[in-house]
Amino acid sequence: MLEPWLSKLLAVFRRDRMDAELDEEIRIHLEMATEEYLRTGMSPKEARLAARRSFGGVEQVKERHRDVRSFRWIDELARDVRFSACTLWSVRGFATVIVLTFAVALGAGTAIVSVVDGVLLRPLGYTDEERIVRVRAGAQPAVRRDDQGALFSEAGYWHFADNNRVFEAFGGVDPRPVQIALTGDGAPIRLNAIRQTASMFELLGVTPVLGRLYTRVEDSPSGPDVALVSSRLWIDRYGADPSIIGQTLSLNGRAFEVVGVMPPGFDFPAPETDAWVPLRLDTATESFGVHYIDVFGKLAPGATVETATTDAEGLISRFDEVGYGPEWFANAFDGTALVKPIKETVVGEARQPLLILFGSVVLLLLIACSNVANLILVRAEGRSSESAIRLALGSGRRRLIQQDMTESVPLALIGGAAGVAVASVLIRVLVSFAPASVPRLPDVGISPAALAFSAVAVLAVGVVFGFLPSAYRRSGNSLDVLRGGVRGFGVGRERIHLRNALVVSQIALALVLLVGSGLMLRSVQELRGMDPGFQAERKYDGPEAVARFYDRLVGRLEEIPGVTAAGGIVTLPMTESGTFAARVVEGFPVEEGELLPVFYLRRVTPGYFETMGVPVLEGRSFTRDDHDLRLGTIVISNSVKRRFWPETSPIGKRISGSVIVGVVGDVHGRSLDTEIEEFVYYPMLDSVGGGVSAMKMVVRSDGDPVAILPDVREVVAQLDPDLPIADVSPMSEILADSMNRTTFTMTMIVLATAIAIFLACVGIYGIMAYSLSQRTAEIGMRLALGAKPSHVFGIMMWQGMKLAALGIVLGLAAAFGLGGVLSSLLYGVGALDPVALVGGAALVLVVAGIASWLPARRAARVAPCEAFRGP
Amino acid sequence: MNKLKNDVPYGTLDLMILKTLESGPHHGFGIARRIEEVSDDLVKLNQGSVYPALMRLQQEGWITSEWGVSEANRRAKFYSLTRSGHGQLRSEVENWKRVALLMSRVLAVEP
């Protein structure tokens, strides 16, 4: 014999059979009883009655039997589930819409949250990374490029290293990746190499998976050429061969000995870094003119960002010990220090847009919930007469709620499962379309946090929405509903109000969202429309070239058919930052306590300006003689001229001994949304500041740039077979890529809001169409009483549009109110941008119009008798 | 005791059924009639109420059922006591006797 609880459980599954058996037993019982009464002389009819009477209530017995044989709640649940499955199938359109809404909203939300989590929130993986900070010096507005602060010079670095009181570890990095050619062992490839101090590794707490790190001794100006390589490089090119340790790599023609392999995923300071070489800072240096070192420190126990900032500011104020004169404090350093935790520096730029992305996801979910809620309420209304009858027959309210739950929870669960599938697909898509410059993106998968959140949200929504129909029922009296509802028309005033309120709120919410996304779209549009300062089409950013080959290369490149110009520069616009340094401007002596002006320096080959389409505004650009004869000439950008010689000509004037021979147009140096920088251009081989090891070549073609690429490669190969061509891309792509860092997140915002807009439109349409269709009976009555179809149509359209108008007004009011929230993220548009507001309102009007028109048309055509039949 | 119809608590009905089955297998109708007869028709139960009770007793493992043929050559479901059912009956009877004894003592006390 089975345990009682087990047989109760099993009884759930043998329900029908047990019911049948009981029926049989009861039937037999009644027959026997009837026979007995017959024997006492009753008539058959009397006997049957008597048998029934002595039996008692048959239904009640059956009920009690069911109660006894199984857990009541399981039994009920099983019954409800079966019932719900059946009813949901019969309204599978409705069910599908709900599931899809859930899936889309939850999927997009989860995907976006996962990306945010992967990029922003996940730890970077360094030991004690909360204590690792980056230190930069605050810069005066004249030299300020962005809010990130200024890099340090060598002397400045040592000043900090020796005198700080808050760091237990200290290191420096040259943040500009050196792009080097790796030759031997296969085709030449281009690597990103980073120069950093030996102490950086200790600071980050990373150890190599193979070999060792380079030591401080090796990291001195006279140390050996050693390098560390990434796991990625080791696996891809060397097949994870352990004998790589001790091997010599040829980097840019120099032999480096590989001493270690870094762990997989170690990407400091930027994605796709493949080699690390010593920074070779000279402790005896007195160089404080060139600022190129990014300083990192690990806070000692007890130190905080605040104490570190104070300490750093103290050290900066003592920069005179290093050799900085007072003019530096007047014009370059503003005395503050910017100390930021390392994670912030990696993802910092992305923070704000990503937070707004959260906001759009929330709005998206809100719209989805509102849609689903409306659908459920609408359906509850449609079944209100059925519910009223059941309540009147004695079914408890709790029972009805339970049944509502068995509908809403499975829908929510299915929607949630579908949403997870959507999310994983969407994440793959997002990752593959994103540029590599978004940090840590390739590692993103569905984050456990997002998954957990989705699961909880789905369940919560399923349960809460299960309560909606009962909330709706509570608002109406059963009797009224029966009186009014059963025959299908004359719906109560309350219900009309509720319906209208739903329509209006749906429209208002949708409008707010539309306006929000409209503002985003406009911002992106403004950003892309800005003139970068040079013509971006159809040029190639060609391979690195070692300096001594450059002019040969330029000459050969210009010989390629289809090439109209070629040139080279160290640091292309729209990529990295490059060096800045102080220069003396002739005719502008600096007073006591003022600083020398600071400019960004660039080296160019002949033909660079022509190739890039930068116009020569005054004087001339470089000729071959400037390069070959080292005439000491320079070319300045227009912003420099405007600053110093707005009315006169700068030609012939000198900057730090070099003669100005020309003025060229301004160029955006780093990205479109930073300010225009003041450039001083030097010829390639000028002796100022030493030589250069790598250049980027630009080539302008009059046709499709891709077509000349083989010729470009050929030329390069002929000049130096060991020279890899890497990173060849049309300038238009480089332009696009620089914007991508911020617009990637903006693209996701647009994506989220696009989905939300779509859902909003679907929601508006759905609820308006339903609302109007509920009045079919009323329409039939009007028609039967002689109203013209066109008249009826007019009424319905008018009423629909009235609701839409009300919704739009409310939505606009809300948009005005919420505008301030978005304004910090927008670019080039105000929060009350008329285009967005008008566009949003127009879209809503159109959708509402369609949503009124179609059902109104259908209703006006309906035959009156059909209308009376009711829902 | 004059019990109103359908006023028989679970426990007592179960006991009456078990007792009835002590003498051998019966079908549902038979059990109901037997109980009525033995109590001299003082117990007017809704005959149908035996069926839920029978299901419960079956789940507890005290009775078992089998389809068979009645004396009138009619198909019917017959119930019979199991071994544990016999044991349960014995202990229930003991219980009742003890309660009855206690009650009689308590009620016999003069105020």
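Biologist: Lys45(A) and Arg53(A) in H3(A): buried or exposed?
Modeller: Lys45(A) and Arg53(A) are exposed. Exposed means over 50% relative accessible area, buried under 20%, and partly exposed in between (1.4 Å probe, protein chains only). This is a predicted model: local features need pLDDT of at least 70 and side-chain atom pairs count only at pLDDT 80 or more, while totals for chains, interfaces and linings use all residues.

Biologist: And which residues of H3(A) are buried?
Modeller: Ala47(A), Ala50(A), Ala51(A), Ser54(A) and Phe55(A). They lie on the same side of H3(A), because their arc around the axis is only 135 degrees, taken from the directions from the helix axis to the C-beta atoms. Lys45(A) and Arg53(A) are on the other side.

Biologist: How are these labels and numbers assigned?
Modeller: Helices (H or I, at least four residues) and strands (E, at least two) are DSSP runs, numbered from the N terminus. Residues are numbered from 1 along each chain as its sequence is written, chains are lettered from A and ligands numbered from 1 in the order in which they are written, and side-chain values use heavy atoms, without hydrogens and water.

Biologist: What do the buried residues of H3(A) pack against?
Modeller: Helices H2 (15-39) and H4 (58-69) of chain A, and helix H3 (50-60) of chain B. Contact means heavy atoms within 4.5 Å.

Biologist: What follows H3(A)?
Modeller: Gly56(A), with a positive phi near 100 degrees.

Biologist: New topic. Which strands form the open sheet in chain B?
Modeller: Three strands, in the order E1-E3-E2, with antiparallel pairing. Strands pair if DSSP finds at least two bridges between them. E1 (26-27) and E2 (63-69) of chain B are at the edges with a single partner strand each, so one side of each has no neighbour in the sheet.

Biologist: How many bridges join E1(B) to E3(B)?
Modeller: Two, and E3(B) covers residues 75-81. His27(B) is opposite Phe78(B) there. H2(A) packs on this sheet, touching E1, E2 and E3 of chain B.

Biologist: In the largest nonpolar core, which residues touch the most other members?
Modeller: Of its 65 residues, they are Ile98(A), Phe465(A), Ile507(A), Leu759(A), Ile764(A), Met768(A) and Val844(A). A nonpolar core is a set of buried Ala, Val, Leu, Ile, Met, Phe, Trp, Tyr and Cys residues joined through side-chain atoms within 4.5 Å. Another core, of 32 residues, lies apart from it and includes Phe55(A), Val61(A), Leu13(B) and Ile35(B).

Notes
Axes are lines fitted to C-alpha atoms, for helices over the stretch in contact, and angles run from 0 to 180 degrees between N-to-C directions.
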